[in-house]
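Here are a few friendly notes to keep beside you as you look at this structure for the first time. Take the points in order, and turn the model as you read.

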Amino acid sequence: AFIVRGVLCLICFLICLILLPSDKRKNNPVKGKSTGIFGQLIGDKNLMQVFLFRISLYMCIGVFWTLCPLIGELEFNLSGMDIGMVITVGTLTGTFFLPMCGKIADKIDKRLLITLGGILITLGMVQFSFIISDQDFFVISILIGLGGAVIIPSVLTIAVKSGVRYASMGTVVSFMSAGDNIGMT
């Protein structure tokens, strides 16, 4: 699995290296503005809320992905294939609903969607404490996947607006990815 993932990452790297345009543009609007931008991002209330929310979201995902195999195997005798299916079902649920949730996020209040997605994930995490059958793992995974699909378009919209406002899209995206990684860790 690690070798396949490494090869896939190498392929993605090569595709980006070959196909993405160079950052050496003649009229670079960001030129000279990168100094101190990180401090401005940390001081941005909306962006910090999104950052902290992404940490929380990925903490929930990390806890589920870490404890699901342990509890599944030790308490419910789930096989590795069963546990893989549980995680896959949640991931596919999020993937399937993401485009629809993106269209909804373009039309209604993003705070409402973030709240709704947070409630779905919270319900999944609370249910994780009260698992009584192996089907509960699937329900929890679906709730977390669906909650993520509801949240992510709204959160990314806020991040993109901040990137445009500060003319530092790359820095904002890195900031958001750092939140994801901190939460997963």
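1. A word on terms before the overall fold: helices and strands here are DSSP runs, with at least four residues for a helix and at least two for a strand, and they are numbered from the N terminus. Read that way along the sequence, the chain follows the pattern α-α-α-α-α-α-α. Put as a count, the protein chain has 7 helices and 0 strands. Please bear in mind that this is a predicted model. For a sense of scale, the C-alpha trace spans about 60 × 40 × 30 Å along its principal axes.

2. Helix 3 and helix 4 make a good place to begin. The two pack at an angle of about 145°, and their axes are 10 Å apart. Their crossing is right-handed. From helix 3, the contact uses Phe64, Trp65, Cys68, Pro69 and Glu73, while helix 4 brings Ile83, Val86, Ile87 and Thr91. Sorted by class, that contact has 7 nonpolar, 1 polar and 1 charged residues.

3. Next, follow the chain to helix 6 and helix 7, the latter covering residues 169-184. Here the packing angle is about 145°, with the axes 8 Å apart. This crossing, too, is right-handed. Helix 6 takes part through Ala159, Val160, Ser162, Gly163 and Val164, and helix 7 through Met169, Val172 and Met176. The residues of this contact divide into 6 nonpolar, 2 polar and no charged.

4. Which parts of the chain does the pair of Phe51 and Phe175 tie together? A search of the whole structure finds 4 aromatic pairs, and this one is worth a closer look. The ring centres of Phe51 and Phe175 are 4.5 Å apart and the planes meet at 15°, so the pair counts as stacked, given that the cut-off for stacking is planes under 30 degrees apart. Phe51 belongs to helix 3 and Phe175 to helix 7, so the pair links parts that are 124 residues apart in sequence.

5. Now to the pockets. The largest one holds about 290 Å³ of space. Its lining is made of 17 residues, and those nearest the centre are Ile61, Gly90, Thr91, Gly94 and Gly145. Thr91 also appears in the contact between helix 3 and helix 4 described above. Helix 3 (45-76), helix 4 (80-105) and helix 6 (134-166) each supply at least two lining residues. What classes of residue make up this lining? The division is 10 nonpolar, 7 polar and no charged.

6. The second largest pocket has a volume of about 180 Å³. It is lined by Asn46, Gln49, Val50, Phe53, Arg111, Ile114, Thr115, Val155 and Ile158. Two or more of these residues come from each of helix 3, helix 5 (110-128) and helix 6. Helix 3 gives the most, with 4 residues. By class, the lining of this second pocket has 5 nonpolar, 3 polar and 1 charged.

7. To close, a suggestion for a second viewing: trace helix 3. You will meet helix 3 in the contact with helix 4, in the stacked pair through Phe51, and in the linings of the largest pocket and the second largest pocket.

Terms used
Residues are numbered from 1 along each chain as its sequence is written. This is a predicted model: local features need pLDDT of at least 70, side-chain atom pairs count only at pLDDT 80 or more; totals for chains, interfaces and linings use all residues. Side-chain values use heavy atoms; hydrogens and water are left out. On a 1 Å grid over the protein atoms alone, a cavity is a set of points where a 1.4 Å probe fits but cannot get out, and a pocket is an open set with protein on both sides within 12 Å along at least five of seven lines; lining residues have an atom within 4 Å of a point. Grid points are joined across faces, edges and corners, and a volume is the space filled by probe spheres set on the points. Ala, Val, Leu, Ile, Met, Phe, Trp, Tyr, Cys and Pro count as nonpolar, Asp, Glu, Lys and Arg as charged, and the others, Gly among them, as polar. Axes are lines fitted to C-alpha atoms, for helices over the stretch in contact, and angles run from 0 to 180 degrees between N-to-C directions. A crossing is left-handed if the near helix is turned anticlockwise from the far one by less than a right angle, and right-handed if clockwise. Contact means heavy atoms within 4.5 Å. Rings of Phe, Tyr and Trp (its six-membered ring) pair if their centres lie within 6.5 Å; planes under 30 degrees apart count as stacked, over 60 as edge-to-face and the rest as tilted.
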